[in-house]
Amino acid sequence: MNWIGGSFGWIWLIIVMLPIYWIVITSFKTQSNYFVTNTFAPASDPTLANYKLVLENDFVQYFWNSIVVSVGAVVPAVLISFMAAYAVVRGSHKRWLRWTNSLFLLGLAIPLQAVIIPVFLIIIRLKLYDTLLAIILPSIAFAIPLSVLVLSNFIRDVPKELFESMRMDGASEWGTLWRLAFPLTRPALVTVTIYNALGIWNGFLLPLILTQSPDKRTMPLALWTFQGQFGINTPAIAASVTLTTVPILVMYAIGRRQLLGGLTAGFGK
Amino acid sequence: MTTLAPPAVRVQEPTAAKGGRSGSVGWMAIPALLMFFAFAVVPLVGVFVLSFTTWDSIGPIHPSGLTSWKAALGDKELLHSVYVTFLIMGLSWLAQTPLSILIGVFLAARKRYRGILAVLYFIPLLLSSAAISITYKALLDPNFGIGAGLSLDFLNQDWLGNSTLAVSVLVFVVSWQYIPFHSLIYQGAVRQIPTSMYEAAEIDGAGRWRAFWSITLPQIRYTIVTSSTLMVVGSLTFFDLIFVLTGGGPGNSTRALALEMYQTGFMANQMGPASAIAVILVLVGLLLAQLLRRLGGKGDESQLEGA
């Protein structure tokens, strides 16, 4: 039976890697070359012209927009979720905090797509349409439920005696948050940060609906417009896809365990 | 003369019901509560409200009772979108669940090279739906993609231009993107099955396949429910992938509910009916989640009997 399992594993590997391999090698082919040579063979005379083309087409601007949106959303999201998680755990004797916790749990079920129209309305009324902030604010809101869930689970595991001793030393709750909870919750904070960053970096719907000008585009949206722009210049499209993916793959290589932890975070407990 | 000293009064500090004494901590939850309220709860209520109005996304919003609802429910396209949505939902569940279980079982075995495979298997999850869709669009191009490259005629179809094929391609791409995630969940679940169960089965003479059916599958029953719930509820609101891959086409053969909502609201500028569709999305999602919970049982019984 084992050889079936083994060969099955290799087949799946090919299925997973094939598109990735293909898009990378295609990005190095010249357009003329691409049409005549075997599509799965690496480039016979590799070129960086496609990458140059993508960079010349404001790629750096889009990359920067994605960075601003991701950092601008993830840092506040994790910060306020951490504070809320602490409050929910340490203040669980207060009814309104228990209700808040339930609200966040139920909030996990709210799909972004279903509420995008009112979000659109709110953003317009706030006069934030076509700004990066328009993407940031809803992103923060939708990151909260899962972040609070994961972080509060972690904080709950901190022994009560430690909180007691902080209290006895005269520490305020704010002080305890940073001097006790923060170091002990660090693994969960890392995974929550990475998980949220990945989702926001790859987000498509919010930028699509809430921005309009080319100079406000984030990467996924830019990819989509590149596709229309480059038409049948497949190698150029391939280069744009590769460029947008490389940063994530690099981060994956560096911080894989945290990323993996993050994506199954809510479901383990 | 005796003076009565006032009885000593002990002042007791308020104690928290759990976790000992704590200072004021509630204020820390306020920022998150406000943000969530403003951009998630209010919009949720807002969709319901907007579905009773007429709005073209530019001018003022007019309350209009059931006009938008009548328009939405009377539209044949909506029925078709519901069909497309459930078709994709069912097909992608069928495509993903068995494979995810098998891969999860495969990865659960603690062999060295499987760890390396797991690292590679995981990569589709890192990519944006836009990147994945664009890659597959190029790969499946009838003139210049995989069909032409491998000179295999049957691969050289007009994948995305043919209605039936487009749905299949969509299901394939969805599976490619999300099987890694679900196989990870199953891997975790399978790893938790006590080996003693398998040992007992082996003693009784059960083969690998039998062990899979009689031990593995029942033991991961609740994981199947969890994974299926995520899959089903997630596929209800598919947007990014479909939008970039096919735009809902060809024609309307892949126009799922979320795309129908986008089309109605942002292309045809009928925000009222679009909001009605959004409300339907929310209600169906809640219904499905409840249904799956019922189907899956309460999860109270211990699964470790016989371990």
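This note goes through a predicted model of two chains, A and B.

1. **Chain A, overall.** Chain A is helical throughout its assigned secondary structure, with 13 helices and zero strands. Read along the sequence, the pattern is α-α-α-α-α-α-α-α-α-α-α-α-α. Its C-alpha atoms fill a box of roughly 75 × 60 × 30 Å along the principal axes. Of the 269 residues in chain A, 46% are buried. Take contacts in chain A between residues at least 6 apart in sequence: 76% of them join residues at least 24 apart.

2. **Chain B, overall.** Chain B has 13 helices and two strands. It has 307 residues, and 38% of them count as buried. Among its contacts between residues at least 6 apart in sequence, 68% join residues at least 24 apart.

3. **Domains of chain A.** The domain assignment splits chain A into domain 1 (1-47) and domain 2 (49-268). Their C-alpha centres lie 32 Å apart. Nine residues of domain 1 of chain A are in contact with nine residues of domain 2 of chain A. On the domain 1 side, α1 (2-27) and α2 (31-36) of chain A each supply at least two residues. The largest share there, four residues, comes from α1(A). By class, that side of domain 1 has three nonpolar, five polar and one charged residues.

4. **The interface between the chains.** Here 74 residues of chain B are in contact with 80 residues of chain A. On the chain B side, helix α1 (residues 30-50) of chain B gives the largest share, 13 residues. The residues on that side divide into 52 nonpolar, 18 polar and four charged.

5. **A helix pair across the interface.** Helix α3 (residues 49-90) of chain A packs against α1(B) at an angle of about 120°. The two axes are 7 Å apart. From α3(A), the contact uses Ile80(A), Ser81(A), Met83(A) and Ala84(A). From α1(B), it uses Pro31(B), Ala32(B), Leu33(B) and Met35(B). By class, this contact has seven nonpolar, one polar and no charged residues.

6. **The nonpolar core.** The largest nonpolar core holds 148 residues. The members that touch the most other members are Met83(A), Ala84(A), Tyr86(A), Ala32(B), Ile277(B) and Ala278(B). That list draws on both chains. Helix α6 (residues 132-156) of chain A gives the most to this core, with 17 residues. In soluble globular proteins, nonpolar side chains tend to be buried together.

7. **Ala84(A).** Ala84(A) is one of the core residues just listed, and it also takes part in the contact of α3(A) with α1(B). Leave aside its neighbours within four places in sequence. Ala84(A) is then in contact with Val148(A), Met28(B), Ala29(B), Ala32(B) and Leu33(B).

8. **Gln61(A).** Gln61(A) is also found in helix α3 of chain A. It has 14 C-beta neighbours inside 10 Å, so it counts as partly exposed. Its C-alpha atom is 8.1 Å from that of Arg217(A), a residue 156 places away along the chain.

9. **Helix α10 of chain B.** Helix α10 (residues 221-236) of chain B has 16 residues, which at 1.5 Å a residue should span 22 Å. The end C-alpha atoms are 22 Å apart, so the helix agrees with that expectation. Within α10(B), Thr223(B), Ser227(B), Met231(B), Ser235(B) and Leu236(B) are buried. An α-helix has 3.6 residues a turn, so residues three or four places apart point the same way. What covers the buried residues of α10(B) includes α3 (76-108), α7 (163-191), α12 (257-267) and α13 (271-296) of chain B.

10. **Positive phi: Ser57(B).** Most residues other than glycine have a negative phi. Ser57(B) is not a glycine, yet has a positive phi of about 75°. Ser57(B) lies in the loop between β1 (53-54) and β2 (62-63) of chain B. With 16 other C-beta atoms within 10 Å, Ser57(B) is partly exposed.

11. **Positive phi: Asn269(B).** Asn269(B), a residue other than glycine, has a positive phi near 55°. Asn269(B) is found in the loop between α12 and α13 of chain B. It counts as partly exposed because it has 13 C-beta neighbours inside 10 Å.

How values were computed:
Residues numbered from 1 in each chain as written. Chains lettered and ligands numbered in written order. Predicted model: local features only at pLDDT ≥ 70, side-chain atom pairs only at ≥ 80, totals over all residues. Contact = placed C-beta atoms within 7 Å. Nonpolar A, V, L, I, M, F, W, Y, C, P; charged D, E, K, R; others polar. Domains from an automatic or database assignment. Expected span 1.5 Å × (residues − 1). Buried ≥ 20, exposed ≤ 12 C-beta atoms within 10 Å, placed from the backbone. Axes fitted to C-alpha atoms, helices over the stretch in contact; angles between N-to-C directions. Core = buried A, V, L, I, M, F, W, Y, C linked by C-beta atoms within 7 Å.
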